[in-house]
Amino acid sequence: MFSNRKTIVFEFAFAQKVPLHTLFVFFPITVLFLDSQKRIKEQAIIRPFSFYFPQQKAKYIVELPFETKRKIGEYVRFK
């Protein structure tokens with residue numbers, strides 16, 4: 001919120017459903033919900049000033065500052 005466009009990765013101790021909001025985010029973001037092997041379980045493009053309630057549990061959440069389409073089941077690599 002209130003920041004420049006950047007990619008953010010969140011890691012949780014265990015897989016869980018994490019609701020997100022884009023209050024005070026002034027651009028759309030792509031969100032990838034990953035399992036423990038960094039495989040995409042769900043993705044969403046979230047518009048500014050909205051809420052999103054995921055259907056799948058995630059160990060990692062990746063927020064991208066641009067709209068992109070990835071395939072469910074695809075692996076994501078990051079350091």
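Leaving aside neighbours within four places in sequence, which residues is Val 18 in contact with? In this predicted model, the partners of Val 18 beyond that window are Phe 12, Phe 33, Pro 54 and Ile 61. Two of the names on that list, Phe 33 and Ile 61, return in the largest nonpolar core, to which Val 18 also belongs. The sheet is a good place to start before turning to that core.

The sheet is open and is built from 4 strands in the order E1-E6-E3-E4, with antiparallel pairing. Strands E1 (8-16) and E4 (40-46) each have a single partner strand and stand at the edges, so one side of each is left without a neighbour in the sheet. On average, and with direction ignored, neighbouring strands of this sheet are turned by 15° against each other.

Strand E6, which spans residues 58-64, is joined to E1 by 5 bridges, and the two run antiparallel. Gln 16 is found opposite Ala 58 of E6. E6 also pairs with E3, again in the antiparallel sense and over 5 bridges. Here Leu 34 has Tyr 60 of E6 as its bridge partner. Strand E6 is mostly covered, with 7 of its 7 residues buried.

Glu 63 is a residue of this strand worth a closer look. Its relative accessibility is 17%, and Glu 63 therefore counts as buried, the cut-off being under 20%. Apart from neighbours within four places in sequence, Glu 63 is in contact with Lys 6, Thr 7, Ile 8, Phe 10, Ile 29, Thr 30 and Val 31.

Now to the nonpolar residues. In soluble globular proteins, nonpolar side chains tend to be buried together. The largest nonpolar core in this model has 11 residues: Val 18, Leu 20, Val 25, Phe 27, Ile 29, Val 31, Phe 33, Ala 44, Ile 46, Ala 58 and Ile 61. Strand E3 (29-34), E4 and E6 are the elements that give two or more residues to this core. E3 supplies the largest share, with 3 residues. A second core, separate from this one, has 7 residues, among them Leu 32, Ile 40, Val 62 and Leu 64.

Aromatic side chains add another layer to the picture, with 4 aromatic pairs in the structure. How far apart are the ring centres of Phe 24 and Phe 49, and at what angle do their planes stand? The centres are 5.7 Å apart and the planes stand at 70°, so this pair is edge-to-face. The pair links distant parts of the chain, 25 residues apart: Phe 24 lies in the loop between strand E2 (20-21) and E3, and Phe 49 in the loop between E4 and strand E5 (51-52). Phe 24 is partly exposed, at a relative accessible area of 40%, and Phe 49 is partly exposed at 42% relative accessibility. Ring pairs join Phe 24, Phe 26 and Phe 49 into a cluster. Phe 49 and the buried Glu 63 are 14 residues apart in sequence, and their C-alpha atoms are 15 Å apart in space.

Lys 38 brings a charge to the aromatic theme. Lys 38 lies over the face of Tyr 60, at 5.5 Å from the ring centre, and Tyr 60 is the bridge partner of Leu 34 in E6. Lys 38 also lies over the face of Phe 78, where the distance to the ring centre is 4.5 Å.

Note on methods
Residues numbered from 1 in each chain as written. Predicted model: local features only at pLDDT ≥ 70, side-chain atom pairs only at ≥ 80, totals over all residues. Heavy atoms only, no water. Pairing = 2+ DSSP bridges. Axes fitted to C-alpha atoms, helices over the stretch in contact; angles between N-to-C directions. Core = buried A, V, L, I, M, F, W, Y, C linked by side-chain atoms within 4.5 Å. Buried < 20%, exposed > 50% of the residue type's maximum accessible area, 1.4 Å probe, protein only. Contact = heavy atoms within 4.5 Å. Phe/Tyr/Trp six-rings, centres within 6.5 Å; stacked < 30°, edge-to-face > 60°. Lys NZ or Arg CZ within 6 Å of the ring centre and 35° of its normal.
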